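User: Please take a close look at one part of this model, the aromatic side chains and their surroundings, and set it in the context of the whole chain.

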Amino acid sequence: MMKGLFNKVKNRSSRRRFVVSTIRKDEGRFETAVFEVNYFYLPRRWFLPARWKNPDLVVETKTVDEAWEMHYHLTARLAKEYPARIFQEFCR
């Protein structure tokens, strides 16, 4: 069984880069996280040790299907739309 999903995304309009990662937190709980990264796909301010622990956006889901759907939905939107708009929409 798959334990996680990982995609690199480059936004077409802003040319910013992101990593979208989905993991299983525990039984019945999944987490999709988005990190803004630099040219080498390392988190911005990579020298801070806790950077991978503080994503720019976190979305929790309850089933595998929801988690995968959310992962691909965020990946597709981050490639085309302005990232700030997406983050604002999910933070409400």
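**Aromatic residues, outside and inside**

Analyst: In this predicted model, Phe40 has a relative accessible area of 63% and is therefore exposed, since the cut-off for that class is over 50%. Phe40 belongs to the loop between strand S3 (29-37) and strand S4 (57-61), and together with Tyr39 and Leu42 it makes a nonpolar surface patch of about 380 Å². Tyr41 has a charged partner, because Lys8 lies over the face of its ring, at 5.0 Å from the ring centre.

The picture changes with the aromatic pairs, of which a search of the whole structure finds three. One of them joins Phe18 and Phe87, whose ring centres are 6.0 Å apart and whose planes meet at 80 degrees, so that the pair is edge-to-face. The pair links distant parts of the chain, as Phe18 is in strand S2 (residues 17-26) and Phe87 in helix H2 (residues 83-91), 69 residues apart. Both Phe18 and Phe87 are buried, whereas Phe40 is exposed.

As for the chain around these residues, it holds two helices and four strands, which follow the pattern β-β-β-β-α-α when read along the sequence. Of its 92 residues, 38% count as buried, and among contacts with a separation of 6 or more, 45% come from residues 24 or more positions apart. The chain exposes about 6,300 Å², with carbon and sulfur atoms supplying 54% of that area.

Methods. Residues are numbered from 1 along each chain as its sequence is written. This is a predicted model: local features need pLDDT of at least 70, side-chain atom pairs count only at pLDDT 80 or more; totals for chains, interfaces and linings use all residues. Side-chain values use heavy atoms; hydrogens and water are left out. Rings of Phe, Tyr and Trp (its six-membered ring) pair if their centres lie within 6.5 Å; planes under 30 degrees apart count as stacked, over 60 as edge-to-face and the rest as tilted. Buried means under 20% relative accessible area, exposed over 50%, partly exposed in between (1.4 Å probe, protein chains only). A charge sits over a ring if NZ of Lys or CZ of Arg is within 6 Å of the ring centre and within 35 degrees of the ring normal. Patches are made of residues with over 30% relative accessible area and no salt bridge: like charges are joined within 9 Å, nonpolar side chains (Val, Leu, Ile, Met, Phe, Trp, Tyr) within 5 Å. Accessible areas come from the Shrake-Rupley method with a 1.4 Å probe; for residues, only the protein chains shown count as cover. A salt bridge is a side-chain nitrogen of Lys or Arg within 4 Å of a carboxyl oxygen of Asp or Glu. Contact means heavy atoms within 4.5 Å.
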